[in-house]
Amino acid sequence: MNLLKLQIVELLEKHKKITPVADALGLKQPTVTFHMKSLEQELGVQLFEARSGKILLTEAGQSLCHYSAKINSLAQEAERVVKEYDQLGRGSLRIGASYVPGTYMLPRILSGFAKAYPRISLTLMVKTAPVIKEMLLNHEIDLGILSCEPFQAPYLAAQTLCEDELVLIASPQHPLAENMELDAEQLGKVPFLLHSPESSTRQLTVKWAEHNGIELNAHMELDSLEAIKQTVMLGESVSFVSRLAVRKEVERGELISRPIPQNDYKRYVYYAYNIDRRQSAVLDQFKEHLFRSAAI
């Protein structure tokens, strides 16, 4: 079994046809077909099946594809890391971030790093925190920067960058805006905007409500933080969001923020990496820059 065959498996899962796989690899279609048959003979099991003009992976093929993706990612990483020894100051870095750090922290940090190291290519992918953890485990990214509760995960190491405090936000015209200190019962009497279920903010909101015996008047669910902020500005609803995400709106007087009453839950911004993944010189440079910049 060689890397080319594993690349074919991964690309077939993506494209479902031989032609785009051949084009992506710079091969002729009969060559791709030959490697497919050779791999099935080598493993002694059917991996591919033709159906409705498409090439689909069998259950065995799906299992092989899971490992193919990891092996291909590791092979790409190995090639990239070895080349760095010959290209001092060059390289690439793939970063995954959850929404709050990816939107409100990293643009400034990445811009500063790009100016300091212009020959290093940077890629940022913004996903939910659970997806970032999965990408780290699958060796799809070099570093994850995520906002969540304290966590432990096999093969992942994490270090705290800063606290990501959740606050209550409301329109300056909302009745609750008159109160500098609130109690939990007050928040059960007003329309409440919920984040999407996979959001760490949503999970902490639910835990807070259950802990305080509050049934939220959750009349709307939005999967966009910007949409939540704009809806709260209209004046009727409140929500919990990251203080980092509303700093500018609060400074401009478009929103008010208050501490969440009776809140024992903390959330932090972490950087995390896969301990089985070699820490390259480029990654070490970025981590140093990240810590300096996050402290500003």
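So, S199: this residue caps the N-terminal end of α9, with a side-chain oxygen sitting 3.1 Å from the backbone nitrogen of T201. Before I go on, keep in mind that what you're looking at is a predicted model.

Let's stay with α9 for a bit. The helix has 12 residues, and from its first C-alpha to its last it reaches 16 Å, close to the 16 Å you'd expect at 1.5 Å a residue. Which residues of α9 are buried? They are S200, T201, R202, L204, T205, W208 and A209. So T201, whose backbone nitrogen takes part in that cap, is itself on the buried list. And what do those buried residues pack against? There are strands and helices in the answer: β5 (143-148), β7 (166-170), α8 (184-187), β8 (191-194), β9 and β10 (239-242).

Now walk off the other end of α9. N212 sits in the loop that runs between α9 (200-211) and β9 (217-221). Its relative accessibility is 22%, so N212 counts as partly exposed. If you skip residues up to four places away in sequence, N212 touches A184 and Q262. With Q262 we can be more specific: the side chain of N212 reaches the backbone oxygen of Q262 at 3.3 Å. In that part of the chain there's also N263, which is 51 residues from N212 in sequence, with 8.7 Å between the two C-alpha atoms. One more detail at this end: G213 follows α9 and has a positive phi, near 65 degrees.

Glycine is one thing, but a couple of other residues have positive phi as well. K16 does, at about 65 degrees, and K16 is not a glycine. You'll find K16 in the loop between α1 (3-15) and α2 (18-25). With a relative accessible area of 24%, K16 is partly exposed. Then there's S52, again not a glycine, with a positive phi of about 55 degrees. S52 is in the loop between β1 (48-51) and β2 (54-57). Is S52 buried or exposed? It's exposed, because its relative accessibility is 74%.

While we're at that end of the chain, a word on annotation. An unreviewed UniProt entry has "domain: HTH lysR-type" covering residues 1-58. In the model, residues 1-58 are 62% helix and 14% strand, and the C-alpha atoms at the two ends are 18 Å apart.

Okay, jump to α12, residues 281-294. This helix has 14 residues and reaches 20 Å from first C-alpha to last, close to the 20 Å expected at 1.5 Å a residue. On the inside we have V282, L283, F286, K287, H289, L290, S293 and A294, and those are buried. Look down the axis of α12 and the buried residues fall within an arc of 170 degrees, so they line one face of the helix. If you want the general reason for that sort of pattern, an α-helix has 3.6 residues a turn, so residues three or four places apart point the same way. On the face of α12 turned away from the buried side, you get the exposed residues E288 and R292.

That brings me to the aromatics. The model has 9 aromatic pairs. Take F113 and F286: the ring centres are 5.1 Å apart and the planes are at 80 degrees, so the pair is edge-to-face. F113 is in helix α6 (residues 106-116) and F286 is in helix α12, so this pair ties together parts that are 173 residues apart in sequence. F113 counts as buried because its relative accessibility is 0%, and F286, also at 0%, counts as buried. Y117 joins in too, since F113, Y117 and F286 form one aromatic cluster.

The other pair I'd point at is Y271 and F291. It's edge-to-face, 5.4 Å centre to centre and 85 degrees between the planes. This one links strand β12 (residues 268-274), where Y271 sits, to F291 in helix α12, 20 residues apart. Y271 counts as buried at 6% relative accessibility, whereas F291, at 30%, counts as partly exposed.

Last stop, T231, in helix α10 (residues 225-233). Its relative accessible area is 19%, and the cut-off for buried is under 20%, so T231 is buried. Leaving out residues up to four places away in sequence, T231 touches L193, M220 and L222.

Technical notes:
Residues numbered from 1 in each chain as written. Predicted model: local features only at pLDDT ≥ 70, side-chain atom pairs only at ≥ 80, totals over all residues. Heavy atoms only, no water. Helix = DSSP H or I, 4+ residues; strand = E, 2+ residues; numbered from the N terminus. Buried < 20%, exposed > 50% of the residue type's maximum accessible area, 1.4 Å probe, protein only. Contact = heavy atoms within 4.5 Å. Polar contact = N/O pair within 3.5 Å; in protein donor to acceptor, adjacent residues only side chain to side chain. Expected span 1.5 Å × (residues − 1). Arc of directions from axis to C-beta. UniProt positions renumbered as here; feature names shortened; annotations may be inferred. Phe/Tyr/Trp six-rings, centres within 6.5 Å; stacked < 30°, edge-to-face > 60°.
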